[in-house]
Structures are given as C-alpha cells and as structure tokens.
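I opened this one to find my way around a few strands and the parts that sit against them. Here are my notes.

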Amino acid sequence: MAKKPYGVNELREMFLSYFESKEHLRLPSFSLIPQNDASLLLINSGMAPMKPYFKGEVEPPRRRVCTCQKCIRTGDIENIGKTARHGTYFEMLGNFSFGDYFKREAIAWSWEFLTKVVGLEEDRLFPSIYENDEEAFEIWNKEIGIPAENIFRFGKKDNFWEHGSGPCGPCSEIYYDRGEKYGCGSPDCKVGCECDRFMEVWNNVFSQFDNDGQGNYTELVQKNIDTGMGLERLAVVCQDVNSLFDVDTVMNITNHVTAITGASYGQSTKTDVSLRVITDHIRASTFMIADGVQPTNEGRGYVLRRLLRRAARHGKLLGVNRPFLFEVVETVIRENESHYTYLRERADHIIRVVKTEEENFARTIDTGMRIFGEKLNQHKSAGVTVFSGEDAFLLADTYGFPVDLTVEMLEDEGMSLNMDKFIACREEQRVRAREARKALGDLGWAGIDLGLDTTPTNFVGYEMNNCEAKVLAVCVGEEVTGSITGGEQGIIVLDKTPFYAEMGGQSADFGVIIVGDSRFKVTGVQKDKGGKYLHSGVMRSGTIKTDDVVLASIDVERRKAIMRAHSATHLLQKALKSVLGDHVHQAGSLVEPDRLRFDFSHYSAVTAEELAKIDSIVQAAVLEGYDVDVREMPIEEAKKMGAMALFSEKYGDTVRVVNMGGYSIELCGGTHLDNTAKIGPFRIESEGSVASGVRRIEAITGKECLADMAKTHNLLYSAAAEFKVKPGELVDKIHAQIEEVKGLKKTIESFRAKETAGEVDRILFGAHDVGGLRVLTVNVPDADAGKLRQMGDTLRDKAANVVAVLSSVSGEKITFLAVCGKDANAKGVKAGDLVKHVCSICGGSGGGKPDSAMGGGKDPLKVDDALASVDNFVASKI
C-alpha cells in the first residue's frame with residue numbers, strides 16, 4: 001500500500017490496534033508524575049513506567065502490552081523550536097514483552113507495521129544495530145531481506161539504550177530517508193548524519209540488563225522487549241512536513257497562537273522559534289497540569305513554571321503584553337481529547353492554573369525586565385560582553401527574575417553570563433544566612449538550623465505513650481531562643497520522644513510536654529534529615545527551657561484512631577490486589593485519625609461491584625481478628641516472607657515488618673494495632689481518579705465510621721417521620737411519591753398542550769397568503785426553546801402550507817424558530833435558510849432541517865425588522 005498523510009490521532013489508533021491484533025493488552029498512558037520511582041522527576045519514555053515489570057518486581061497485567069505514553073524531556077530545552085527533532089512534550093508509542101517474545105518477533109512486527117500498515121516505502125527504510133549484535137543482523141538480513149550494506153552498525157553511544165537507572169540493552173533503530181530536500185548536501189550524507197534527512201522512527205530495545213545508575217550492569221531475570229517510536233516523528237514522515245511542529249495536531253495549536261499574536265508562521269526564523277516555543281510549552285504544560293503538577297519553585301513544579309514563563313516571555317517577544325497562554329489551552333484539549341478524554345473534564349482547572357501563573361509572572365517580569373534593561377545598557381556602554389554575575393544575582397534574589405531567563409535574553413544580545421560569579425554570590429548569601437542563624441545542624445523546619453550533634457532522637461513511641469526526656473533545643477519564630485513562655489509558638493527538641501513524626505503518609509501524634517505547671521501543647525511533629533524530632537506547638541502556660549527534664553505524653557485516643565486507619569490501609573491494599581490484580585501498587589497515602597486516603601496504580605475506574613467486594617474483604621479481615629506481629633529483621637528475610645515494599649523507598653539492611661496474621665505482610669515504619677478486630681467498622685466513602693493511571697480511595701474507620709452511621713441512622717428516621725411511615729417502608733413510599741409526581745407532571749403537560757393548541761389556532765388565524773403559502777410571524781413573550789419548538793411542531797402539523805417564524809426575547813438573548821410545512825418545502829422554502837436569514841439581521845446565526853430550524857441573535861432592537869422581512873424572503877424563494 002502507498003504511504004498516506006495520516007494524522008497524529010489516526011496513527012496512534014493504528015499502532016495500538018495493530019498490536020492488539022498481536023495479542024497485546026492496550027494500556028492507557030501512565031501519569032507524567034512517576035509512581036514510586038524516585039529516579040525521575042517526570043516520565044520521559046514509554047518504558048519508564050514499566051520498570052517494575054521489566055525488573056520482575058511486579059507481575060504485569062499481561063505478558064504483552066502496548067501503550068501510547070505521554071513524555072516530558074527538558075534536558076535540551078534551549079533547542080526547542082530551533083530544530084525539527086526537539087520537543088519538550090511528545091508521545092511515545094510502545095509495544096512491550098515481559099519475558100514473552102524477543103528479537104525475532106519485535107523486528108518482524110516493526111517492519112510489518114511500517115511497510116504494510118502505514119505504507120512506508122521499503123527502499124527508504126534503513127535499520128541500525130548495536131555493533132556486536134549478530135543475532136539482530138541475521139534477522140534483518142536473512143529473514144526480513146535487508147541487504148547487508150543497508151544495515152548500519154553503531155557503538156554503545158548510539159545503539160545501546162539507557163536513560164538513567166533501570167532496564168537497558170542493545171537496540172535496533174529504523175531510519176526513514178526523507179529525501180535530499182531535507183539533507184545537508186554532503187556526498188557522505190547517510191544514516192547517522194546530523195542533518196534531518198534520515199529520521200529515526202522506530203527503536204527496538206532488547207532489554208537484557210539493569211543499570212543501577214552507577215555504571216554497573218546485571219542480567220535481568222527475564223529478557224524483555226521495549227519499543228519506542230515517537231508518534232509525532234512518525235507523523236512528520238507520513239505527512240512529509242519539515243518538523244514536529246508542522247504535523248496536524250501541533251500546527252493547529254500554532255495556528256491559534258498566530259491568531260492571538262498576529263505573527264505569521266514562516267515569516268522569519270526568529271518569529272518561528274517563538275511560535276514553536278509557545279506551542280510546545282503550552283502543550284506540555286496542559287498535560288502536566290492535567291496530571292496533577294502545580295507550578296512551584298522546586299522539582300517537577302519548577303519544570304512547569306519554567307515552561308510557562310518561557311512561553312510567556314516569547315509571547316512578549318511577539319508583542320503580546322497580556323496573559324494569553326490560557327486561551328490556547330482549549331485548542332490543546334480539542335486536538336487531544338479524542339484519546340485523552342480526561343482533558344475535557346479538567347479543562348477549567350488547567351486554564352485557571354495557567355492564567356494564574358501568567359498573571360503572577362507578569363508582575364515579576366515587568367520589574368525584572370526594566371532592571372535587566374538598565375543593567376544591560378550599562379554593560380553595553382562599557383563595551384562589556386560578559387554580564388555581571390552580581391547583577392544577575394540581584395535580579396534573581398531581589399526581583400525574582402529567573403537566572404535561566406537572564407541567560408536566554410543575554411544570548412539574544414550576543415552576550416554571556418559570568419555564571420561562576422553568580423553561583424559564588426548565591427553561596428555567599430547562604431553562608432551569611434547560616435551565620436546569622438548560628439547554624440547548628442539541619443532542622444528542615446521554617447529554615448532554622450539548630451546547634452546540635454548528629455545523634456538522632458530516640459523514638460520510644462512503639463512501646464510507650466509517655467516518657468521523661470531532656471530538652472535539647474527550643475525555637476520561637478525563626479530564632480533559637482533557649483526558652484519558650486506562655487502564649488508563644490515554637491519548637492521543642494528532645495533527646496527521646498514517644499511522639500510519632502509525620503512521615504510515610506501517617507499523621508503526627510499530638511499531645512503535651514510538661515514540666516511542673518508549665519505546659520506545651522504539641523500540634524505537629526517533623527523529623528529532620530539528621531533524625532531529630534521537632535515538636536511544634538504553642539506554650540499554654542509557664543516556661544520550658546533548654547536542659548529541662550520534661551514529661552512528654554501523646555494523645556492516646558488520637559494515636560489509637562490513627563492506628564485503626566493505618567492498619568486498615570494495609571488490609572485495603574491487600575484487598576485491592578486480590579480484586580484488581582497484582583499490578584496495583586501504592587502511589588501515595590494519608591493516614592489520619594479514623595480516616596485514610598490511599599492512591600494506587602490502576603488503569604480504569606473501579607466498578608461499584610469491585611468496590612463492594614473490596615469493602616467486604618476488608619471487613620472480613622477485620623472480623624477475622626488477625627493478630628498483628630511487628631518485628632525488625634534482615635531485608636532478605638522479609639523478602640522471603642513476601643513482604644510488600646514501596647518502590648520509591650530505599651531500605652537499609654534491617655527493616656520493620658508488619659505481619660497481620662500472614663494475611664497482609666508489609667514493610668512499614670508506622671504505628672499499628674495489635675489485632676485487626678480493633679479497627680472496628682470500616683467503610684469506603686469514595687473512589688476516583690487522581691491522574692491518568694492513578695486512582696484514589698477514601699475510607700473511614702472506628703469512631704468516625706460509627707458517628708457517620710449514627711448520622712445516617714438519624715437521617716433515615718427523620719425522613720421516615722416526614723413521610724409518616726416506618727423506616728423499612730420509606731423506599732416504597734418514595735417510589736409512590738415519584739409516581740404521583742409523574743402523574744401530576746403529565747396532567748400539567750396535558751393542560752399546557754391544550755393551551756398551546758389554542759394559542760396556535762389564534763396565531764394561525766392571523767396568517768396571510770404569500771404565493772399560496774400561509775405565512776405568519778409572531779413574538780411569543782417569556783417562551784423558552786422548548787415551548788417555541790412545541791408550538792412550531794403543532795403549526796407545521798396543522799397546515800402543510802404553513803411558513804412560520806416564532807421569536808422570543810429574554811434580556812439580550814433572542815431565540816428564533818422557523819417551521820415550514822411539506823407544501824412550503826416543495827415550493828423551495830426551507831426552514832434552515834429562513835432561520836439563517838432572520839438571525840443574520842439580528843447579528844446572530846442559526847440552522848437546521850428543511851421543516852424545522854432554530855437560531856439566535858444579539859440585537860433585540862432588530863427583532864421586528866427580522867420578522868418583517870419574512871414575507872419578502874418567502875416570495876423570493878417561490
């Protein structure tokens with residue numbers, strides 16, 4: 001078959017459908033936020049979410065799967081818009097084998113899809129292999145029939161796939177020759193050339209090894225296939241366009257940007273770069289926000305903030321001095337919602353986040369640009385081409401002007417930044433801050449440092465609810481004060497404590513620290529990097545100072561409620577795996593007094609039947625009364641027991657194992673009950689989506705559940721009393737009331753129909769003849785679209801030669817309905833044409849079928865003119 005200019009959405013579906021025909025399970029794209037993978041800020045490849053499957057840590061839902069994975073890469077952000085190959089956001093098509101098929105099938109299917117399904121020309125496709133991979137060479141040469149001279153061998157840099165830590169191995173890429181018009185003109189131009197002629201469209205990774213991130217490789221338990229094919233790159237080849245930015249769905253976004261900015265694509269290289277940057281960055285930002293990323297000053301939140309601010313700056317370069325990116329979000333959603341349906345559901349949130357960030361940045365950039373301009377002129381006047389690091393630090397520290405933006409703007413001016421000096425200034429400021437606070441060690445709370453050694457706080461809370469302890473440090477506000485008195489808020493650090501610090505999703509213990517009549521109420525506990533427990537709260541009475549020996553006591557009832565929820569969380573995870581499958585793993589949790597929230601990986605909504613089963617399984621485990629055994633042991637022993645662990649956690653040689661009667665076994669540092677029966681009642685309150693591929697369950701336990709049951713009980717009895725029936729009779733009574741209401745509605749509708757019929761007869765009586773047709777126009781006060789349509793249908797049914805235009809005005813809103821009988825249609829008068837005519841007079845539009853059509857207008861003062869024009873319009877059509 002011949003190559004066709006398939007669209008992005010078509011190609012995505014073609015790929016997924018093809019591999020479904022090869023017995024692959026189609027999985028939805030995972031969230032851009034990595035789940036239990038601390039090595040990545042954002043998902044950057046189709047393989048990244050599959051690591052647990054590749055490494056044999058989790059059982060995949062099927063041995064063969066295929067996906068179209070959303071990806072973000074920002075390592076080459078400066079090249080965005082300048083080349084045909086670089087994009088921050090892209091989609092990666094992938095077919096994966098977890099210990100099932102290997103090189104022979106992977107190569108054959110890649111060739112078949114490209115040549116037989118997509119229709120790419122065989123003589124323009126060139127495979128490459130890892131230099132020592134003779135097996136791949138034999139398959140390409142002997143089985144597929146590619147001449148040896150058309151198979152290119154490359155070294156580890158090009159044909160050994162690895163991206164940070166994780167699964168890796170030799171690969172075989174497929175390049176497409178786009179023709180000389182995309183080449184560099186060199187007679188030596190061939191596969192591997194840096195020009196845009198030979199574009200890689202497919203990469204078969206033969207995943208055999210695991211890279212620990214330190215250059216150490218170990219053989220995987222199972223050999224796997226990881227295919228990566230850039231969806232946009234494939235579209236570039238099929239549509240024969242210059243770059244990723246010229247394919248259909250991306251160009252439609254660019255067209256919206258050009259409409260806002262007034263800039264023309266193809267006008268100049270500089271303009272094109274800005275248009276591409278804006279298009280790419282708002283596309284990436286839309287998907288990041290949809291998956292739960294928020295603009296912040298660190299981590300993935302800073303990536304999002306940088307993308308939005310870069311795009312906003314390029315908007316300024318094109319003359320747009322107002323927030324505008326949020327307007328483009330709608331186009332991004334429209335171009336992608338056929339596959340990513342959740343974008344439409346989250347549209348309002350995405351637009352709000354983008355607009356807020358634009359408005360905040362506008363305030364920052366205006367001041368920063370002015371100061372930058374002044375400093376830039378000073379440098380130019382002095383003939384200096386290296387911008388002062390001190391000035392760049394001033395812009396960043398005082399005016400919040402990002403240093404990466406300073407670097408970009410300097411590049412536009414042909415200048416560079418003294419980055420070494422900038423870094424030195426930043427470090428000097430940090431040193432001054434530490435000196436000013438008399439830094440004594442990392443505290444990690446309110447930016448304060450304490451002068452303590454590195455000995456961790458001795459936590460005795462697993463065995464004790466209270467203990468005597470020595471005060472090591474006291475802070476009030478942002479100062480290390482040595483003492484705290486009545487009414488002050490602050491932190492107390494002890495040498496040992498029964499208070500559990502907030503970590504691992506479990507809320508902190510509350511309670512009191514007492515010495516004599518002095519009382520400090522603890523309302524939060526954090527643990528710093530050095531292992532010190534930081535008790536925050538308010539001094540209720542008296543004074544506590546450094547070196548005091550105090551009594552630290554937790555709120556026992558709160559601790560019990562937290563333990564009920566935490567132990568229930570373990571049972572819930574076990575139930576989820578039992579009902580949904582072993583692919584379920586924890587993606588986050590929050591444990592509060594008698595309330596829990598559990599995020600987990602799953603690719604579809606949990607059905608009502610599945611939820612009921614999960615709820616029932618948890619309650620059965622509670623009633624079973626499993627003894628809870630908690631002990632520390634070597635991690636290898638814990639693994640042999642089958643203990644569940646979090647992929648994102650790094651464990652030491654010794655771990656704490658929570659074993660609930662052999663039913664649920666997990667590595668956990670939290671506090672737990674000694675028997676599951678003490679959890680008491682348990683109920684799932686809600687289930688929903690957090691991000692693509694991540695679901696959330698919220699549930700209540702213990703006293704919270706009892707209180708909710710009592711509330712429901714009281715509500716039931718109150719409702720029964722209102723209906724004057726017993727609670728058991730309430731449902732039947734409600735059904736009877738519903739039927740009664742339905743009957744009353746029918747009676748009302750009958751009266752309305754009779755009223756409408758009478759009104760129609762009066763209207764029809766006033767019709768006048770135009771060429772044998774009964775033409776009438778009337779304005780119906782206070783009529784909604786439903787009433788107009790009912791009147792119109794009645795008029796049309798009563799007279800085959802009727803032509804009627806009905807209007808209704810409500811404030812500034814005008815509604816028109818036109819109806820034409822069969823005889824009128826036969827004479828050439830169509831309701832759709834008629835309604836367009838009257839709507840256009842009022843500045844609106846409309847349309848519909850030949851016998852009935854509706855529309856609207858914007859100028860109420862023109863309604864009479866529109867109705868008066870109907871006779872002439874009808875006469876002109878006869």
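**Notebook: confidence, a buried strand, a sheet**

I started with confidence: the mean pLDDT (the predictor's confidence in each residue, from 0 to 100) of the protein chain is 89, and 95% of its residues reach 70 or more. This is a predicted model, so I kept in mind that local features need pLDDT of at least 70 and side-chain atom pairs 80 or more, while totals for chains, interfaces and linings use all residues. Numbering runs from 1 along each chain as its sequence is written, and side-chain values use heavy atoms, without hydrogens and water.

I then looked up the weak spot. Over residues 436-447 pLDDT stays under 50. Strand β12 (residues 442-445) has the lowest mean pLDDT among the elements, 38, and strand β24 (residues 549-554) the highest, 97. Strands here are DSSP runs (E, at least two residues), helices likewise (H or I, at least four), numbered from the N terminus.

Next, strand β22 (residues 533-541). Seven of its nine residues are buried (under 20% relative accessible area, 1.4 Å probe, protein chains only), so β22 is largely enclosed by the rest of the structure. Strands pair if DSSP finds at least two bridges between them. β22 runs antiparallel to β21 (residues 518-527), with eight bridges, and Gln-526 has Leu-534 as its bridge partner. β18 (residues 489-494) pairs antiparallel with β22 over five bridges; there Gly-490 partners Gly-537.

Last, I traced an open sheet of six strands, ordered β32-β33-β34-β35-β37-β36, with mixed pairing. Its edge strands are β32 (768-770) and β36 (845-848).

How values were computed: Buried < 20%, exposed > 50% of the residue type's maximum accessible area, 1.4 Å probe, protein only. Contact = heavy atoms within 4.5 Å.
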